[in-house]
Amino acid sequence: MAEVKEKRGAAGLLPGLGACVVIGAAAWCMAKYIPVAGKLIGGPVFAILLGMILAFVKRPGCFQAGITFSGKKILQYSIIFLGFGMDIMTVLKTGGQSLAVMLCTIAASLLTAYLVGRALKVDGNTSILIGVGTSICGGSAIAATAPVIDADDKEVAYSISTIFLFNILAVFIFPALGRIFGMSDTGFGVWAGTAINDTSSVVAAGFSFSDAAGEMATIVKLTRTLMIIPITLILALWRTRKVEKTDEAQGINYSLAKIFPWFVLGFLATAIFNSVGILPPAASNFLNEFGKFGIMVAMAGIGLNTNVKSLFKNGMRPIALGLCCWFAVAVVSLLVQRFVGLV
């Protein structure tokens with residue numbers, strides 16, 4: 001019975017997954033064979049834009065499972081494959097170089113969320129979730145933080161929709177601003193990796209700028225994603241003290257295994273494997289390109305899952321708070337980069 005159920009589950013992914021692959025292939029061709037548009041926008045942006053347009057078309061429910069799988073799991077698997085194009089020493093060096101930028105942007109986002117949230121009278125949990133989501137990794141950080149601070153479904157929904165709105169905007173705005181500012185691949189990669197909150201949007205914006213910027217942005221972003229662990233631990237300790245004072249110490253459901261971004265370890269493993277030199281360059285290049293195509297498939301899934309109308313239904317105060325946090329992170333990232341000489 002279990003085997004039959006598993007097969008049915010896998011078969012249930014095919015319609016939506018197939019649609020995302022088709023959209024991803026179309027985006028790949030558009031980026032490759034439309035030179036001007038491809039250079040200015042990039043395959044990942046084409047993919048998410050096509051997905052968002054097609055999201056307005058009514059589709060059968062059988063597509064949903066595969067679309068959701070593409071936007072989440074395919075993204076993580078693709079990032080693992082990107083490791084075949086990396087050198088582990090470069091990964092460690094880049095992560096270390098961007099650490100100061102990451103710490104400053106996290107502090108800027110959390111401080112902005114606290115101060116502006118109070119000024120706008122956004123409730124405390126929503127402010128924390130938007131601040132953490134902006135500073136670390138979007139929806140994943142919100143999902144990890146919500147049980148720690150005992151946030152309810154409404155607060156989580158407000159936060160995720162706010163963060164997602166700026167994820168979508170970042171994919172279009174950041175590459176254009178990077179070119180206007182005349183940024184280098186390294187400078188843009190660090191900026192995207194530290195100032196855009198969700199992994200999918202970081203990868204899309206980075207590779208839309210250039211392959212080198214995309215690789216840099218991915219490394220920085222994956223290093224930044226690990227900040228989920230210390231932030232949630234600190235919030236767990238804060239929440240524990242808070243509930244202990246009100247005799248509700250049983251209210252926390254915290255699991256390190258659930259919040260740990262395991263795909264980061266997969267990325268490091270493939271980068272190490274590639275650095276050892278076991279695979280011939282042609283094989284490494286093929287696997288790396290396969291990962292880049294997978295990114296476009298994932299972007300298609302995210303685009304198809306985007307409901308533009310729903311992003312504005314939760315009121316303007318959370319959106320205003322998200323905008324302030326986003327602006328603070330983007331500006332602080334550029335200032336710190338300039339200070340430490342990365343730009």
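A residue is called buried when its relative accessible area is under 20%, and exposed when that value is over 50%. In this predicted model, 48% of the 343 residues of the protein count as buried. The protein contains 17 helices and 0 strands. Contacts between residues with a separation of 6 or more offer another view of the fold: 83% of them are accounted for by residues 24 or more positions apart. On the outside, the protein exposes about 16,200 Å², and carbon and sulfur atoms supply 69% of this area.

Aromatic rings are a good place to begin a tour of the interior. The count of aromatic pairs comes to 11. One of them joins Phe166 and Trp326, whose ring centres are 5.1 Å apart. With 40° between the planes, the arrangement of Phe166 and Trp326 is tilted. What does this pair tie together? Phe166 belongs to helix α9 (residues 153-180) and Trp326 to helix α17 (residues 316-340), so the pair ties together parts that are 160 residues apart in sequence. Both partners can also be placed with respect to the surface. Phe166 has a relative accessibility of 4% and so counts as buried; Trp326, with a relative accessible area of 10%, is buried as well. The two residues also take part in a wider arrangement, in which ring pairs link Phe166, Phe174, Phe181, Phe188, Trp191, Phe209 and Trp326 into a cluster.

Charged side chains come next. A search of the whole structure finds 2 salt bridges. In one of them, the side chains of Lys292 and Asp211 meet with an N to O distance of 3.2 Å. Lys292 sits in helix α16 (residues 281-304) and Asp211 in helix α12 (residues 211-225), so this pair ties together parts that are 81 residues apart in sequence. Is each partner buried or exposed, or something in between? Lys292 counts as buried, at 10% relative accessibility, whereas Asp211 is partly exposed, with a relative accessible area of 42%. Lys292 also forms a salt bridge with Glu289, where the closest N and O atoms are 3.4 Å apart. Here both residues lie in helix α16, 3 residues apart, which is about one turn of the helix. Glu289 counts as partly exposed, with 26% relative accessibility. Through shared partners, the salt bridges join Asp211, Glu289 and Lys292 into one network.

A polar side chain within a helix gives a further example. Thr112 is placed in helix α6 and is buried, with a relative accessible area of 16%. Its side chain reaches the backbone oxygen of Ala108 at 2.7 Å. Which residues does Thr112 touch, leaving aside those up to four places away in sequence? They are Gly117, Leu321, Cys324, Cys325 and Ala328.

Helix α6 (99-120) also leads to a residue with a notable backbone angle. Lys121 lies in the loop between α6 and α7 (124-135). Most residues other than glycine have a negative phi. Lys121 is not a glycine, yet its phi is positive, at about 60°. Lys121 is exposed, with a relative accessible area of 67%.

The surface also carries nonpolar side chains. Leu49, Ile53, Leu169, Phe172 and Ile173 form a nonpolar patch there, and together these residues have about 380 Å² of accessible area. The elements that give two or more residues to the patch are α3 (43-54) and α9. Which element supplies the largest share of the nonpolar patch? That element is α9, with 3 residues. Leu49, one of the patch residues, is found in helix α3. Leu49 is partly exposed, with a relative accessible area of 33%. Helix α9 therefore appears twice in this account: Phe166 of the tilted aromatic pair lies in it, and the nonpolar patch draws its largest share from it.

Key. Residues are numbered from 1 along each chain as its sequence is written. This is a predicted model: local features need pLDDT of at least 70, side-chain atom pairs count only at pLDDT 80 or more; totals for chains, interfaces and linings use all residues. Side-chain values use heavy atoms; hydrogens and water are left out. Helices (H or I, at least four residues) and strands (E, at least two) are DSSP runs, numbered from the N terminus. Buried means under 20% relative accessible area, exposed over 50%, partly exposed in between (1.4 Å probe, protein chains only). Contact means heavy atoms within 4.5 Å. Accessible areas come from the Shrake-Rupley method with a 1.4 Å probe; for residues, only the protein chains shown count as cover. Rings of Phe, Tyr and Trp (its six-membered ring) pair if their centres lie within 6.5 Å; planes under 30 degrees apart count as stacked, over 60 as edge-to-face and the rest as tilted. A salt bridge is a side-chain nitrogen of Lys or Arg within 4 Å of a carboxyl oxygen of Asp or Glu. Patches are made of residues with over 30% relative accessible area and no salt bridge: like charges are joined within 9 Å, nonpolar side chains (Val, Leu, Ile, Met, Phe, Trp, Tyr) within 5 Å. A polar contact is a pair of N or O atoms within 3.5 Å; within protein, one must be able to donate a hydrogen and the other to accept it, and residues adjacent in sequence count only if both atoms are side-chain atoms.
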